[in-house]
Amino acid sequence: MMEKPQGAPVEGDDIFTIRIVDTIGAVAAERWDELAAVAVDSASVNTQKTTINPFVSHAFLSSLEDSGSVSQPAGWLPQHLVLEGPGGKPIAAAPAYLKSHSQGEYVFDHGWADAFQRAGGRYYPKLQMAVPFTPASGPRLLVGGDGGAATRRMALAEGAKSYAARTGVSSVHATFLRPADRAAFEDADWLHRTDQQFHFHNRGYDSYEAFLGTLASRKRKALRKERAQALVNDISIEWLTGRDLTEAVWDAFYEFYMDTGSRKWGRPYLNREFFSLVGERMGAQILLVMAKRNGRYIAGGLNFLGPDTVYGRNWGCVEDHPYLHFEVCYHQAIDYAIAHGLAVVEAGAQGEHKLARGYEPVTTHSAHWIAHPGLRRAIEDYLDHERAEVARVGEILGGHTPYKKDAS
């Protein structure tokens, strides 16, 4: 157990304590998900609804751990922060991992590590407050939806700093932040970093054709041609979710994932057991877009479904066909979002090629606590320049979307 850091907030007369747990199983699934749930305005009615981002759910995080995809040998040792109130009841939590490398994070600090180590410092281990292998924005400080949320966020942000002081890690990194968490970290004197992604925004379209109608004529024709060419070789597309996600389907997708992951990363992050576990535990929140040819699956894209968002995650194939990647990963996700009234498609990290397909530049945010004063000053100066460059590039890219100039 890690006691409340000096000067951290209190709730009434009760002093918070922070306990570090090395497995998500140390917190009851129901309680973890209660903390992960947030109240948001409903677009369809004048009320609020409670939602859980799929990636911070107990089901997703436990599938990573129980499969061994996340573990100390993998360089991701769970060190979750659990804020406890009277009687030891969890009143807030944050998924966190002790890292021995910087892989699978999508907010790149390899240059920081190299510079610090060349200067005689030791950058690893570090603490990562994130969802492993998942470049999707969402809550990182899980505080539930009731009163006192701001106080509990601050306690977690300060508690992470105390973890660094007690253990001697070089730094703590919280990535892909929502606004409330970002504000808490900044108030706790963390450094602010930005980056760029590309998201599709469903502006109430009732069909894909309605979406195409908002594009410039040349762009509209190009997308129609691209989608037709992706399916010319007798390729068909299936949407699989829930009970459709059989072990045979996962076997096929895992073959795609391993082929692409081995070429892209050298060693794929997720093992075969993860897909079985996550399919069993949260199949209703999974959309697998599979391409079939000559009676067998040849490619697929894995998506997770939030209350208002399609999150594109992994892609793979065993046959190469022109434009099939774009069809499976980007166009089909837009089709699904429109058909189901979902507001956003987040198609993962980087990728300016998404711009031509209706995805727009969006700024992402992360926060960083650097223990060494000299390293902190150097990184702070770097981030000042980087944020300005990200904003400049985002403005330029925003002027190159395929939408008509008068489209809103």
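## A tour from helix pairs to a buried helix

Helices α4 and α5 cross in a right-handed manner, and the tour of this predicted model starts with that pair. Select residues 149–167 for α4 and residues 179–187 for α5, and you will find the two helices packed at an angle of about 55°, with their axes 9 Å apart. Because an angle that is neither roughly parallel, roughly antiparallel nor roughly perpendicular counts as oblique, α4 and α5 are described as oblique to each other. Show the side chains next: on the α4 side the contact involves Arg153, Met154 and Ala157, and these meet Ala180, Asp181, Ala184, Phe185 and Asp187 of α5. Sorted by class, the residues of this contact comprise five nonpolar and three charged ones, with no polar residue.

**The second helix pair**

Now select residues 217–230, which form α7, together with residues 324–339, which form α10; these helices pack at an angle of about 120°, and their axes are 9 Å apart. This pair, too, is oblique, but the crossing of α7 with α10 is left-handed. From α7, the residues to display are Leu223, Glu226, Arg227 and Ala230, while α10 contributes Leu324, Phe326, Glu327, His331, Gln332 and Asp335 to the contact. Four of the residues in the contact of α7 with α10 are nonpolar, two are polar and four are charged.

**Zooming out**

Before going further, display the whole chain, in which there are eleven helices and 17 strands. The C-alpha trace spans about 65 × 50 × 45 Å along its principal axes. A compact globule of 408 residues would have a radius of gyration near 22 Å, and the protein, at 22 Å, agrees with that expectation. Of the 408 residues, 56% count as buried, and among contacts with a separation of 6 or more, 74% are made by residues 24 or more positions apart.

**An enclosed helix**

Return to a local view by selecting residues 58–66, helix α2, where eight of the nine residues are buried, so that the helix is largely enclosed by the rest of the structure. The buried residues to colour are His58, Ala59, Phe60, Leu61, Ser62, Ser63, Leu64 and Glu65. To see what covers them, add the surrounding elements, which include α1 (29–36), β5, β6 (80–84), β8, α9 (272–282) and β14 (296–305). Just after α2, stop at Gly68, whose phi is positive, at about 85°.

**Leu77 and Ala96**

Strand β5, one of the elements covering α2, runs over residues 76–78 and contains Leu77. Leu77 has a relative accessibility of 22% and therefore counts as partly exposed. If residues up to four places away in sequence are set aside, Leu77 touches Ser71, Gln72, Ala96, Tyr97 and Leu98. Thr23 is also worth selecting here, since its C-alpha atom and that of Leu77 are separated by 8.8 Å, although the two residues are 54 residues apart along the chain.

From Leu77, move to its contact partner Ala96, which sits in the loop between β7 (90–94) and β8 (97–99). Ala96 is buried, with a relative accessibility of 0%. Apart from neighbours within four places in sequence, the residues in contact with Ala96 are Leu77, Pro78, Gln79, His80, Leu81, Leu127, Gln128 and Met129. As a last selection, take Gly148, which is 52 residues from Ala96 in sequence and 22 Å from Ala96 in space, C-alpha to C-alpha.

Notes
Residues numbered from 1 in each chain as written. Predicted model: local features only at pLDDT ≥ 70, side-chain atom pairs only at ≥ 80, totals over all residues. Heavy atoms only, no water. Axes fitted to C-alpha atoms, helices over the stretch in contact; angles between N-to-C directions. Helix = DSSP H or I, 4+ residues; strand = E, 2+ residues; numbered from the N terminus. Parallel < 35°, antiparallel > 145°, perpendicular 65-115°, else oblique. Left-handed = near helix turned anticlockwise from the far one by under 90°. Contact = heavy atoms within 4.5 Å. Nonpolar A, V, L, I, M, F, W, Y, C, P; charged D, E, K, R; others polar. Buried < 20%, exposed > 50% of the residue type's maximum accessible area, 1.4 Å probe, protein only. Rg over C-alpha atoms; globule rule 2.2 N^0.38 Å.
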